[in-house]
Amino acid sequence: MQLDRLIANGAVVDPVTGVRPLDIGVKDGRIAALFEPGCAAAAAEVIDASGRLVFPGLIDAHVHFGFGEPITEYSTETVYAAQGGFTTVLGYFLNNEPYGGVFERELGYAKDRALVDFAFHFSTASELHLDELDQYVRDYGVTSFKYFMNFKGEEGRYLGLDGTDDGYLYALLEKAATLGDVTIVVHTENIEVVNRFRRSAAAAEMATLRDWAATKPPFTEAESVVRALYFAEHLGAKIYIPHISTRMALDEVRRWRERYDNVYVETCPHYLTHHEDSDLGGMGKANPPFRSKDDVEAMWEGLADGSIDVVASDHVPRKRATKDKPIWQASQGFPGTATILPVLMDQGFHKGRLSLERIAQLLCSAPAGIFGLPRKGRIEVGADADITIVDPDFEREVRWQELGSYSDYSLYDGWRLTGWPRLTMVRGVTVMRDGEIVGPAGHGRYLSRTAD
Ligand SMILES: [Zn+2]
């Protein structure tokens, strides 16, 4: 067999079995064979991965579309993903309209622009979404839906949504449980309690990140986690808690898993690197907010002990101008895909807090398994040839100007991080090499999660 490519002399990071020298044969976009090193199999191109780690292509399970420049964001944000070693991104939409039109329109924009593979999550906010849920699964291959516990009543209507409640969440989980492997992603926040804190904070003209965090104390995340898990267990639904940020909430998950284990948990890089006394003002505004130093420590513990399953960015590619404002006016969220791996390598692996296989679980096999991507997340024969080659000792200062996102800043600007992706391959095609984009726009494909 003549291979298209041979990735030779690298150390393959398997999420289960760990690090092992292996050569990878690629043909027709798939992994065709795995060889002992030095096999010298015949290939049209040999990629020398000496001294490098070879990860399965990384998957960012939590990005947002619709906050950058419409249409071209499929280009800018997937370039940014490829620069960070990501071969697949899963993007959220939030809409009150039927998703049929949204799906066709966005797919049309992405088709000629996306560099890496992509799938969608729909945020369910109306009765219509609930009625059409089985159609979204069947016709569009979307099998994950986000529900915001904080978009209750007036809060939801203010955002142009129907304004939902616990009854809606109940019905959503009930329906999801009948549709096969469908995941309900639940933003856990008790907005009724938050609103009381917010009123007194606003009256007192409070203005720091710590004040922002104080309006959303850990209780408001932890209590909602308990409620969501209670509902999920009762209805037998699969539930995913995104962007968990507090020790208190994570401890509730640990307790609940004793009685119900169809629950998955994600945190984001910023909850591993930033706390409420970070001196960033509106630039550091996110929901959930940055928490205490103890909460940061709790997130690292959760990654190491397996109670957190996934690290994803919650990437929002807004411009600095929407952030660099007083705390109450600043928009929430920031870009993050491209810096996930360097953060985990530098702050996790190099500090002895995370093994390489644990990183491969968090960024590859877990998101692939949870979100129904059977050809992604592993280096095995038959899988898509999605490969991320990492130089564990490459040190680089983060400069947003060198990264392709529509946004014009990074939380990590000026940070020197060690451990960067040097090559990103999507289905056998090299799309990023040494930080430069070399792959064709439009190479990225939409991943239906119910087709074939
Ligand atoms: Zn959320």
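Let us start with the surroundings of Ser-123. Leaving aside residues up to four places away in sequence, Ser-123 touches Tyr-92, Phe-93, Leu-94, Asn-95, Tyr-99, His-129, Lys-146 and Phe-148. I should say at once that this is a predicted model. Ser-123 belongs to strand 8, which covers residues 117–123. With a relative accessibility of 1%, Ser-123 counts as buried, because the limit for that class is under 20%. There is also a polar contact to report: the side chain of Ser-123 reaches the backbone oxygen of Phe-93 at 2.9 Å.

Three residues in that list of neighbours lead to other parts of the structure: Tyr-99, His-129 and Lys-146.

I take Lys-146 and the metal site next. Which protein atoms are the donors of the zinc ion? They are NZ of Lys-146, ND1 of His-187 and NE2 of His-243, and they lie 2.1 to 2.3 Å from the ion. The spacing of these donor residues along the sequence is K-x40-H-x55-H. The two histidines link distant parts of the chain, being 56 residues apart: His-187 is in strand 10, while His-243 is in the loop between strand 11 and helix 9, residues 247–257. Are these histidines buried or exposed? His-187 counts as buried at 4% relative accessibility, and His-243 is buried as well, with a relative accessible area of 2%.

Tyr-99 and His-129 bring us to a pair of helices. The axes of helix 2, residues 99–111, and helix 3, residues 127–140, come within 10 Å and cross at roughly 35 degrees. On the helix 2 side the contact is made by Tyr-99, Gly-100, Phe-103 and Glu-104, and on the helix 3 side by His-129, Glu-132, Tyr-136 and Tyr-140. By character, the residues of this contact divide into four nonpolar, two polar and two charged.

Strands 8, 10 and 11, already mentioned, are members of one sheet. Eight strands form this open sheet, with parallel pairing, in the order 6-7-8-9-10-11-12-13. Why does one side of strand 6 and of strand 13 lack a neighbour in the sheet? Strand 6, residues 58–64, and strand 13, residues 310–311, stand at the edges and have a single partner strand each, so one side of each is left without a neighbour. For strand 13, the pairing is with strand 12, residues 263–267, through two bridges and in the parallel sense. Within it, Glu-266 has Val-310 of strand 13 as its bridge partner. Helix 8, residues 218–235, packs on the sheet, where it touches strand 10 (183–187), strand 11 (238–241) and strand 12. The direction of helix 8 makes about 165 degrees with that of strand 11.

Finally, I turn to strand 1 and its pairings. Strand 1, residues 3–14, runs parallel to strand 4, residues 43–48, and five bridges join the two. In this pairing the partner of Ala-8 is Asp-48. With strand 2, residues 18–27, the pairing of strand 1 is antiparallel and extends over eight bridges; here Arg-5 stands opposite Val-26. A hairpin of three residues joins strand 1 to strand 2. Strand 1 also pairs with strand 5, residues 53–56, in the parallel sense over two bridges, and Ala-11 has Leu-53 as its bridge partner there.

Technical notes. Residues are numbered from 1 along each chain as its sequence is written. This is a predicted model: local features need pLDDT of at least 70, side-chain atom pairs count only at pLDDT 80 or more; totals for chains, interfaces and linings use all residues. Side-chain values use heavy atoms; hydrogens and water are left out. Two strands pair if DSSP finds at least two bridges between them. Helices (H or I, at least four residues) and strands (E, at least two) are DSSP runs, numbered from the N terminus. Contact means heavy atoms within 4.5 Å. Axes are lines fitted to C-alpha atoms, for helices over the stretch in contact, and angles run from 0 to 180 degrees between N-to-C directions. Ala, Val, Leu, Ile, Met, Phe, Trp, Tyr, Cys and Pro count as nonpolar, Asp, Glu, Lys and Arg as charged, and the others, Gly among them, as polar. Buried means under 20% relative accessible area, exposed over 50%, partly exposed in between (1.4 Å probe, protein chains only). A polar contact is a pair of N or O atoms within 3.5 Å; within protein, one must be able to donate a hydrogen and the other to accept it, and residues adjacent in sequence count only if both atoms are side-chain atoms. Donors are N, O and S atoms within 2.8 Å of the metal (3.2 Å for Na, K and Ca); water is not among the atoms, so sites may look incomplete.
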